[in-house]
Every structure is written in C-alpha cells, then in structure tokens.
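Colleague: Would you walk me through this model and tell me what stands behind each label you use?

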Amino acid sequence: MRVGILAALRGRRKFIKAVDGISFSISRGEAVSLVGESGSGKTTTARAILRLIEPTDGRILFEGRDVLSFSKRELREWRREAQIIFQDPYESLDPRMTVYDIVAEPLRVNRLASGDSEYEAVCRALEDVRLVPPEEFMARFPHELSGGQRQRVAIARALILRPKFVVADEPVSMLDASIRIQVINLMEDLRRKYGLTYLYITHDLAQARYTSDRIVVMYLGKIMEVGPVEEVVREPLHPYTKVVLSHVPVPDPRVARRREKIEVPGETPSPIDLPPGCRFWPRCPFAVEECRRSEPEMREVGPGRLVACHLVS
Amino acid sequence: MEVLRVEDLSVHYITRAGVVRAVDGVSFSVGEGEIVGLAGESGSGKTTTAMAIMRLLPENGRIVGGRILLDGVDVVPLSEDEMKRIRWAKVSMIFQGAMNALNPVLRVGDQIAEVLMEKAGYGKEEAMERVRELFRAVGIDPSRARDYPHEFSGGMRQRVIIAMAVALNPRLVIADEPVTALDVVVQSKILDLLRRLRDEMGISVLLITHDLSVIAEVADSMAIMYAGRIVEYGDVYEVFGDPLHPYTRALIEAFPSVTGERRRLEPIRGDPPNMLRLPPGCPFHPRCPLAVERCSRERPELVEARPGRLVACWLVGR
C-alpha cells in the first residue's frame with residue numbers, strides 16, 4: 001500500500017502538522033517499522049492509515065485503491081482486512097468480556113460465523129497464540145491474565161478474521177523484558193504462517209531491527225530516511241538517524257561506554273511553530289546554510305534507499 | 001565505609017489474597033561514589049526494596065527482618081520523626097514517574113526552595129540562591145526557576161526532580177526508573193547527569209530499572225532480582241560478559257540490540273512468578289532450561305562463586 005498523508009490536529013487556532021506530507025509504501029508480506037520518538041507523528045500516521053482519525057489530505061492506497069474514498073461497504077471490508085494491535089494490554093480489552101467473547105467479537109460483528117464454527121474459530125485463534133488448552137482460557141476475564149497473556153488475546157482477536165494487513169502500535173513496550181521476545185516471536189511466526197503484512201510503530205530501533213525488513217525513520221511529522229533495516233542501522237545516512245543510533249542504549253557495557261555519542265543540543269521541539277527549512281536543522285551537528293532555508297526533498301540514493309537531507313545526494 | 005548496607009532484608013505485604021513475600025532475604029551494599037544497578041522485572045521486589053530503605057512502604061507493607069545501614073546506622077528501628085530528618089538529607093529518592101508528579105500550581109524553584117527551607121532551615125533568599133546553583137548543576141537555565149512544570153519538557157522536568165533529590169547533598173540517591181519514557185538522546189543526557197553528580201558531588205546512586213541497557217550505560221556493579229531475591233551480583237562488565245545465573249543469561253538475551261549479529265532471540269518460557277504462590281525450591285526453576293531435581297526442592301543460597309561474584313544457583317560451582 002502507499003501512504004501520502006497530511007494530518008493536522010487543531011489546537012487553539014494554531015495547526016499542529018502532526019504528519020506533514022509523508023509518503024511510503026509497504027509490499028505484501030513485508031514487515032515495516034515506522035520508527036520515531038515523541039512528536040514524530042508515527043502514531044498519528046498509523047491511526048490515519050486505518051482511518052481511526054481522518055487525514056486532512058493525501059491518499060492511502062491499499063492494493064491500489066484509495067482507502068480515503070471508500071464507500072461504506074468498501075470501508076466495512078477494509079475494516080476486516082486491516083487490523084490493529086494496541087500498546088496497552090490493560091486498556092485494549094473490555095474488562096467485562098470473557099476471553100471467548102473478546103476473540104469472537106470480530107466474527108459476530110461481521111456476521112461471519114456462529115455456533116460451532118464460531119467456537120472452532122476461537123479455539124484455533126487461541127491455539128495460534130499459544131494460549132493452550134483454549135478451553136482453559138476461554139472463560140477467563142482480562143484481569144485474570146498477565147500482561148503477556150492479554151496481549152496474546154489482543155493478537156488472537158486481531159487475526160481471527162485473517163486480515164491482510166496488521167498495524168501493531170508498540171505491541172510489547174508495556175510488557176516485561178522476558179515476555180517481549182515471546183510475543184514478538186509469536187507475531188513474526190504468525191506473519192509468516194498467514195502471509196500477513198505488518199506495520200510496526202515503535203520508538204525502539206533495536207526492536208525495529210529485530211522484527212522488520214525495512215524501516216521508515218520519522219521526525220517531527222516528516223520522514224528522514226527509509227531503507228532495508230540492516231543498511232539503515234549499519235550505515236545511517238541521515239544525521240538524525242546517526243544521532244539516534246549513537247545514543248540508543250545497548251545491553252553491553254563494553255560497547256555502550258566506548259562508543260562516540262554525537263552530541264546535540266536540547267530536546268525535540270514542539271510541533272507547533274516549526275522553523276522553515278529542514279525540521280532537524282536547529283539540532284543538526286552538520287547543518288549548513290541551505291538547511292535553514294529550504295526543506296530537503298526525499299531522494300532515492302540507492303535501491304530502496306531514500307533520504308531527505310541536503311548533504312546526502 | 002559503605003554508604004548503604006542492606007542485610008538480609010525481608011518485606012511482606014499483607015493482602016486479602018494472602019501474604020506476599022515481596023523482598024525475601026536481600027543483601028547488598030553501595031560504596032562511596034558507587035553506582036549500583038538493581039535490575040529486575042515487575043514483581044521482582046526492586047521498588048519495594050527502595051521504599052523499604054526510605055521507610056515509605058504503604059500501610060500493608062512491613063519490614064519483617066533484616067537491617068538497612070545508612071552510613072553505619074540501622075534505619076529500620078527509627079521513628080517516623082527520626083526518618084523525616086534523614087529523608088532528603090542523607091538519602092533521597094527519585095520516584096518512578098516523579099516528573100509527572102510535580103505540583104502543577106507551584107513554580108519549580110519554589111518547590112525546591114520548600115524542601116530547603118523545611119528540611120534544612122534555609123531562609124527564602126538563601127534557598128533561591130541554592131536553587132539557582134542546583135539548576136546550574138543539573139543543566140537548567142537558572143532563570144527558569146520561575147516557570148511552572150507544564151512549561152518544561154519531560155527531560156527538563158526530570159532534571160528538576162534530580163535537582164530536588166540532590167538539594168541537601170545526600171550521601172545516596174535512589175533512582176527508580178529515572179529514564180523510562182524519555183527519548184534516547186534525553187536518556188543519555190540524564191544518565192550523564194547522574195554520573196556527573198557522582199563525580200562532582202560524591203553522591204552514590206542506587207539505580208533501579210527493568211532496562212538492562214541503562215545499567216550497562218552507567219552502573220559500576222549490578223544485582224539481578226527475581227521473585228524478591230537477588231539471584232546474581234557482581235561487577236557490571238563481568239556480569240554482562242559472563243552471566244552465571246540462567247535467569248541473568250536469559251534476561252540479557254531478551255534485549256534486542258542495534259549492534260552485533262542479527263539473529264532470532266530465545267525467550268524465557270513461561271510467565272513471571274505468582275508472588276502469592278511461589279513454588280518450593282528455586283523460584284526460577286519452572287522456567288529454567290537447566291533445572292534439575294534439587295532445584296524444585298531446595299532454595300539455593302547466594303554464594304560467592306568467583307571472587308566478587310555472587311550467584312544463587314545449584315548449578316554454578318564454587
């Protein structure tokens with residue numbers, strides 16, 4: 001699918017261009033991570049793609065058709081083919097519903113199965129996410145489950161309709177470290193098993209590297225760099241990516257304390273009142289005059305390798 | 001002389017569902033100018049340990065055994081009045097999420113001045129001067145003392161919290177998840193700040209976190225907690241370089257990295273322990289890939305397996 005959107009959130013008669021004219025594509029069966037820090041616009045992008053919020057401008061092409069101009073019927077179908085897994089396993093499940101009801105809900109809402117076939121579908125979904133035996137988990141309520149188990153229920157619910165496209169918004173950031181890999185490995189196994197296409201939203205570059213084929217790096221509503229994940233991580237082209245990579249915490253003191261961290265001033269500014277020119281120039285250690293005056297175009301500098309920076313050609 | 005020495009500390013919570021042995025015989029120490037990392041997942045007992053040291057346990061929490069020696073003085077038997085004199089002055093704490101708990105209707109300078117005036121008898125003028133000094137020490141423009149919390153970014157609010165924690169020159173600062181929820185560049189700067197305060201003010205730090213990378217960045221030594229007990233302790237380079245306890249090894253493995261080989265990581269199977277119903281023997285044995293029969297019967301003691309390396313595991317020889 002292709003995304004080109006501008007999502008503006010209104011605030012006190014000023015516009016926050018949360019996402020400002022971004023374009024990227026995801027191929028069938030791929031896992032792409034949208035990586036960015038606070039204020040980058042990554043979560044807004046994810047929600048706009050699923051039309052959980054309405055973009056101000058642009059197109060979202062799913063299998064060549066613009067999601068933003070879908071009819072009611074096409075939208076209903078889109079909502080079966082595209083699913084989302086949220087960050088908070090404690091908020092995304094209705095506490096008054098049993099695990100069975102939660103996982104069966106998409107089937108019921110879409111009138112796709114009932115009775116025996118519904119029961120079988122729920123069993124299979126729970127088996128897929130390794131909540132076995134399924135009968136043991138069906139009658140439980142969310143509060144009786146651990147964070148990792150709840151997230152598995154959320155995954156089962158998301159996949160029961162066999163969607164084509166799944167958006168996972170920080171799916172494991174609220175889980176304990178020892179559980180994260182369990183859930184991520186599960187998601188990846190299911191992706192391969194069912195030929196799914198994933199868009200991961202994350203602030204965690206290490207996690208993006210682990211799960212994805214390609215990454216899209218965002219900063220203050222714009223894309224800075226795109227490319228195959230290993231290439232971007234080993235040879236970052238955009239100054240922002242270089243800076244972030246030099247600061248990403250590493251679970252190894254020998255590496256962590258010996259590396260050169262690229263120093264930059266201050267913190268990510270607010271997305272209101274953005275200066276002209278490149279979004280990153282006020283903090284960029286390599287900025288030149290040009291950066292202050294004009295925004296760099298996104299250029300293809302290698303196969304699948306895109307960068308928006310005046311210094312990279 | 002150690003700044004902090006915890007000896008065989010045990011803390012229980014009385015809940016409707018039963019007794020939770022949140023901290024069960026924990027011992028460790030923090031030396032002068034040392035940064036000690038206390039790592040563990042949720043339920044491991046690390047925050048409870050911190051609250052016990054500060055004597056800030058909730059109503060249903062009890063220290064049921066052990067000693068907590070702050071500069072050689074056991075704080076466990078002290079009265080609340082005596083503890084009030086010690087908090088902020090000898091030991092202070094950066095609580096989890098503190099940066100979001102600043103009083104929104106008071107200027108930040110006033111919030112710190114309050115601590116100085118109440119705890120150390122500073123006059124108003126003196127206090128404001130010290131606030132400016134503290135702001136400079138933590139990297140905030142002193143003129144911002146007149147701003148309100150909402151005018152600061154997350155990272156800057158955390159610096160305000162740190163300024164408050166070091167205001168009275170304590171010997172020890174306990175930092176509970178001081179950089180969670182901050183962007184990576186800001187995280188780096190806050191950790192650098194803690195290191196600088198250690199170097200310049202001689203403050204020791206007990207750094208509590210679930211994130212091993214944070215410990216890898218700044219700690220001198222580290223203790224890994226699981227189900228209320230310390231399962232491994234040692235110099236940070238040695239523990240990361242050669243983890244002895246199966247849980248430590250599995251935990252380090254659970255953190256993907258941007259460096260090194262890109263390969264499939266093996267998770268720890270099973271779920272975190274149910275603190276209301278811990279299994280007999282070693283609390284980790286149901287999830288341990290190397291468990292043998294003894295592990296399910298007898299609880300291993302924390303012993304010195306190598307010089308300076310403590311481990312609680314039957315499979316690690318002496």
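Modeller: Gladly; the talk below goes from single residues to helices, sheets and the contact between the chains, and the model is a predicted one.

Colleague: Let's begin with A:Glu63. What makes A:Glu63 exposed?

Modeller: The count around A:Glu63 is 10 other C-beta atoms within 10 Å. A residue is called exposed at 12 or fewer, so A:Glu63 is exposed. A:Glu63 is found in the loop between S4 and strand S5 (65-66) of chain A, and its phi is near 50 degrees, a positive value in a residue other than glycine.

Colleague: And why is A:Arg51 called partly exposed?

Modeller: A:Arg51 has 16 other C-beta atoms within 10 Å. Exposed stops at 12 and buried starts at 20, so with 16 A:Arg51 falls in between and is partly exposed. A:Arg51, too, sits in a loop, the one linking helix H1 (42-49) and strand S4 (57-62) of chain A.

Colleague: What is notable about phi of A:Arg51?

Modeller: Phi is positive there, about 60 degrees, although A:Arg51 is not a glycine. Most residues other than glycine have a negative phi.

Colleague: How do you know that the peptide bond between A:Val132 and A:Pro133 is cis or trans?

Modeller: Omega of that bond is about -5 degrees, and the bond is cis. Most peptide bonds are trans. A:Pro133 belongs to the loop between helix H4 (115-128) and helix H5 (134-138) of chain A.

Colleague: On to chain B. How does the reach of helix H4 of chain B compare with the expected value?

Modeller: H4(B), residues 124-138, has 15 residues and reaches 21 Å from its first C-alpha to its last, close to the 21 Å expected at 1.5 Å a residue. H3(B) has 13 residues and reaches 18 Å, close to the 18 Å expected.

Colleague: Which residues of H4(B) are buried, and why do you place them on the same side?

Modeller: The buried residues of H4(B) are B:Ala127, B:Val131, B:Leu134, B:Phe135 and B:Val138. They cover an arc of only 100 degrees around the axis, which puts them on the same side of H4(B). An α-helix has 3.6 residues a turn, so residues three or four places apart point the same way. On the other side of H4(B), B:Glu125, B:Glu133 and B:Arg136 are exposed.

Colleague: What do the buried residues of H4(B) pack against?

Modeller: Their partners are helix H3 (108-120), helix H5 (154-166) and helix H6 (184-201) of chain B. Just after H4(B) comes B:Gly139, with a positive phi of about 85 degrees.

Colleague: What makes the buried residues of H3(B) one side of that helix?

Modeller: In H3(B), the buried residues are B:Val108, B:Gly109, B:Ile112, B:Ala113, B:Val115 and B:Leu116. Their arc around the axis is only 150 degrees, which puts them on the same side of H3(B). H4 and H5 of chain B are included in what covers them. Just after H3(B), B:Gly121 takes a positive phi of about 60 degrees.

Colleague: Now the sheets. Why are S2 and S5 of chain B said to stand at the edges?

Modeller: The open sheet has 4 strands in the order S2-S1-S4-S5 (chain B), with antiparallel pairing. Strand S2 (18-30) and strand S5 (73-74) each have a single partner strand, so one side of each is left without a neighbour in the sheet.

Colleague: How do you know that S4(B) and S5(B) pair?

Modeller: They share 2 bridges in the antiparallel sense. Pairing calls for at least two, so S4(B) and S5(B) count as paired. In S5(B), B:Asp74 is the bridge partner of B:Leu69.

Colleague: And what makes S6 and S11 of chain A edge strands?

Modeller: The open sheet of 8 strands runs S6-S7-S8-S3-S9-S10-S12-S11 (chain A), with mixed pairing. Strand S6 (82-85) and strand S11 (299-302) each pair on one side only. S6(A) is joined to strand S7 (residues 165-169) by 4 bridges, and the two run parallel.

Colleague: Lastly, how many residues of chain B are in contact with chain A?

Modeller: 35 residues of chain B are in contact with 35 residues of chain A. H6, helix H7 (212-218), helix H8 (236-241) and helix H9 (246-253) of chain B each supply at least two residues of that side of chain B. By class, that side has 20 nonpolar, 9 polar and 6 charged residues.

Technical notes
Residues numbered from 1 in each chain as written. Chains lettered and ligands numbered in written order. Predicted model: local features only at pLDDT ≥ 70, side-chain atom pairs only at ≥ 80, totals over all residues. Expected span 1.5 Å × (residues − 1). Arc of directions from axis to C-beta. Contact = placed C-beta atoms within 7 Å. Nonpolar A, V, L, I, M, F, W, Y, C, P; charged D, E, K, R; others polar.
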